[in-house]
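User: Please look at how the two parts of this chain meet. I would like short answers with the cut-offs stated.

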Amino acid sequence: MGQGTNKFPIESFQQEQTPFYYYDMDILHKTLQEINRLTQEYPTIVHYAIKANGNEHILKEIALSGLGADLVSGGEIKAALEAGFDPKKMAFSGVGKTDWEIRLGIEHEIGCFNIESVPELEIINQLATEMGKTSNVAIRVNPDIDAHTHRFITTATADNKFGIGIEVLDQVVEHALHLPNIHLRGLHFHLGSQITLMKPYEMLCETANGLIDHFEKKGIEFEIMNMGGGLGIDYANPDEHCIPDFKLFFDTFKQHLKLRPYQQLHFELGRSIVAQCGSLITRVTFVKENRNKQFVILDAGMTDLIRPALYEAHHRIQNITSAEMNQATYDVVGPVCESSDTFAHDCILPLTKRGDIIAIRSAGAYGESMASTYNMRHLPHSVFNKG
Ligand code: LLP
């Protein structure tokens, strides 16, 4: 049998139309339990970043566990409400919130708008006034810290579009405090995604400590410190590190952030919660030889999982039905008419043939949620080990 076969219900996979996302809900459940266990002793709210995976079964499971939701669109607000997330534990981020999306958030009295600019702050105040409501707001600060991740998923350096620079923060805070229908609750940060070192988070804590001191001296107390998300996962060893090191992550903040008794600690985690519970399951359509290379051509493509094409991301690839002892080196590609439709170069697999089932691992985050219908392909469906 191929590598990692014991984890997958291969018999039932044989009956399924491929490609599809397979979610192991036991892994998700254990991951959520671990987060809840570790955050019990502190007043902490973890918001699940719905953009990572908005599948309704996944959302329901996460809502049931009591986590909050981090949202970036009106569509996500609606999905979170339907899944049963508590509006008081919703944070709405994004640089370009439109009026209807803001109104939807105000109507449901969500816990916090993470605002990214002064014009946005003013519009939220205006719309809240029109609706006779007050909006809870945190200011997203751009701390100018390089998280040493892929350039497309780093968000907190001075020259990208996110947040408000520290040099103008005093003015923005004063402004927010004077807007009648704004309730300024806190500060928000987010460094980027797939961050595997704790050093950037330590630096973030130092910046946050400086800001807490600075504003306390002016008599301003921020009730919420939202430190964002970004905790990375182990794409190379999904079975060995199936649950990310949340302890190390939370301990970093426990040690380095000088939280006051009146403050609540918030996070927004996406990838680390859902990545390891999901795999993209696909069949080999053809094995093809060119002069120098052998290609395994799958029935899944970049439309189903775009991360390798977009970020040169590596996902572990396993042939879960091959009984071959001998191995060969393949480029594993999809059917889409683009050269970037490649899942891996020079991937060593057991000898692979037409009809074999392949699992592309750690695909629970930013897989299904980024799927498209390019080439008029169908969106992948989803299969669960439970429920
Ligand atoms: N909070 C904010 C404000 C964010 O922008 C993000 C992700 C998160 C939280 C959650 O970050 P996480 O814990 O998932 O790293 N499509 C890319 C990742 C884009 C992340 C966008 N923002 C990928 O596939 O790697």
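**Where the domains meet**

Analyst: Across the interface of domain 1 and domain 2, 16 residue pairs are in polar contact, both residues at pLDDT 80 or more. A polar contact is a pair of N or O atoms within 3.5 Å; within protein, one must be able to donate a hydrogen and the other to accept it, and residues adjacent in sequence count only if both atoms are side-chain atoms. This is a predicted model: local features need pLDDT of at least 70, side-chain atom pairs count only at pLDDT 80 or more, and totals for chains, interfaces and linings use all residues. Residues are numbered from 1 along each chain as its sequence is written, and side-chain values use heavy atoms, without hydrogens and water.

User: What are the bounds of domain 1 and domain 2 in the domain assignment?

Analyst: The bounds come from an automatic or database domain assignment. For the protein chain, that assignment gives domain 1 as 26–275 and domain 2 as 276–384.

User: Which residue forms a salt bridge with Asp 239?

Analyst: A salt bridge puts a side-chain nitrogen of Lys or Arg within 4 Å of a carboxyl oxygen of Asp or Glu. For Asp 239, the closest N and O atoms of the pair are 2.8 Å apart. The partner is Arg 361.

User: How many residues of domain 2 are in contact with domain 1?

Analyst: Contact means heavy atoms within 4.5 Å. Domain 1 brings 24 residues; domain 2 brings 22.
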